[in-house]
Amino acid sequence: MVVATADLTNYDAEQVRLMEEKCILIDENDVKVGVETKKNCHLMTNISNGLLHRAFSVFLFDLQGRLLLQQRADEKITFPACFTNTCCSHPLNTALELEEKGAWGVRRAAQRKLEHELGIPPEEIPLDQFKYLTRIHYMAPSDSVWGEHEIDYILFFQPRERNVTLNVSPNEVQSVRYVTKDELKQLLRDAEQGRVLVTPWFRLICNKFLFKWWDQLDNLDSLCDTNTIHRM
């Protein structure tokens with residue numbers, strides 16, 4: 001494990017390359033105010049000064065209603081080895097991923113990262129089948145150097161006919177598994193006792209929202225609240 005430092009010299013080369021991606025800076029109402037590198041968006045020194053960016057979290061279920069979890073790779077610069085929801089990342093400052101109507105930009109980013117991290121073919125996760133539920137605003141340190149400060153779009157996806165194909169990138173993800181509600185609750189108990197690591201945003205979403213949403217997978221339209229930004 002690399003000792004946390006803002007100098008990226010000793011980190012994994014591919015993860016360092018990704019730190020140059022351009023994230024979307026926003027204000028607390030999710031209005032774009034600028035552009036900054038992924039590295040600068042995740043430095044706690046900048047976060048402490050209010051730097052805030054747009055993000056998304058995907059919760060992907062199988063046909064049996066189990067949730068796909070990933071364990072982040074040890075190579076990750078932020079929150080290495082942590083269990084979390086299916087995919088968590090950021091839309092980039094590109095024309096396609098900036099489109100705000102219907103959260104189409106965020107959907108495209110989610111489709112891109114699901115392929116990048118988990119090898120899911122885009123044709124198996126059509127943009128119009130993502131359910132955009134709401135947004136959360138949270139801040140959490142990973143360590144003394146790195147952290148997150150995001151407005152996070154929550155997206156659900158469940159295939160209609162067959163489960164998605166997985167071809168996991170080991171540089172991004174060290175393990176995946178589908179879990180039932182009871183299995184996830186046990187994982188969260190294990191995290192409370194220090195036996196496993198869980199990302200802070202996933203824990204927040206689980207504690208406040210996930211299980212009631214999970215109970216309504218066939219009726220998610222009634223739960224969508226796209227006007228609210230929940231401050232957590």
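These are my notebook entries on a predicted model.

**Entry: V179**

I looked up V179 and found it in strand β9, which covers residues 173-179. I asked whether V179 is buried or exposed. V179 has a relative accessible area of 2%, so I noted it as buried. Leaving aside neighbours within four places in sequence, I listed its contacts as R66, L67, L69, L184 and W214. I also checked V179 against K76: they are 103 residues apart in sequence, and their C-alpha atoms are 23 Å apart in space.

**Entry: D62**

I then went to D62, in the loop between β3 (53-60) and β4 (67-72). I wrote D62 down as buried because its relative accessible area is 0%, and buried means under 20%. What does the side chain of D62 reach? I found the backbone nitrogen of Q64 at 3.0 Å. Not counting neighbours within four places in sequence, D62 is in contact with Q158, N163 and Y178.

**Entry: the cores**

I looked up the largest nonpolar core, which has 31 residues. Those touching the most other members are F59, L67, F156, L184, F202, L210 and W214. I checked which elements supply at least two residues each to this core, and noted β4, β7 (131-141), β8 (147-157), α6 (181-192) and α7 (200-214). The element giving the most is α7, with nine residues. Another core, of 22 residues, lies apart from this one, and includes I120, I125, Y153 and V164. I added a general remark: in soluble globular proteins, nonpolar side chains tend to be buried together.

I followed W214 further. Setting aside residues up to four places away in sequence, W214 touches F61, G65, R66, L67, V179, T180, K181 and L184.

**Entry: helix α6**

I tested the length of α6 first. Its twelve residues, at 1.5 Å a residue, should span 16 Å, and I noted 17 Å between the end C-alpha atoms, which agrees.

Which residues of α6 are buried? I listed L184, L187, L188, D190 and A191. Seen down the helix axis, the buried residues fall within an arc of 155°, so I recorded that they line one face of α6. On the other side of α6, I found D182 and E192 exposed.

I next looked for what covers the buried residues of α6, and found that the cover includes β4, β5 (83-84), β9 and α7. Last, I checked G194, just after α6, and noted a positive phi of about 80°.

Conventions. Residues numbered from 1 in each chain as written. Predicted model: local features only at pLDDT ≥ 70, side-chain atom pairs only at ≥ 80, totals over all residues. Heavy atoms only, no water. Helix = DSSP H or I, 4+ residues; strand = E, 2+ residues; numbered from the N terminus. Buried < 20%, exposed > 50% of the residue type's maximum accessible area, 1.4 Å probe, protein only. Contact = heavy atoms within 4.5 Å. Polar contact = N/O pair within 3.5 Å; in protein donor to acceptor, adjacent residues only side chain to side chain. Core = buried A, V, L, I, M, F, W, Y, C linked by side-chain atoms within 4.5 Å. Expected span 1.5 Å × (residues − 1). Arc of directions from axis to C-beta.
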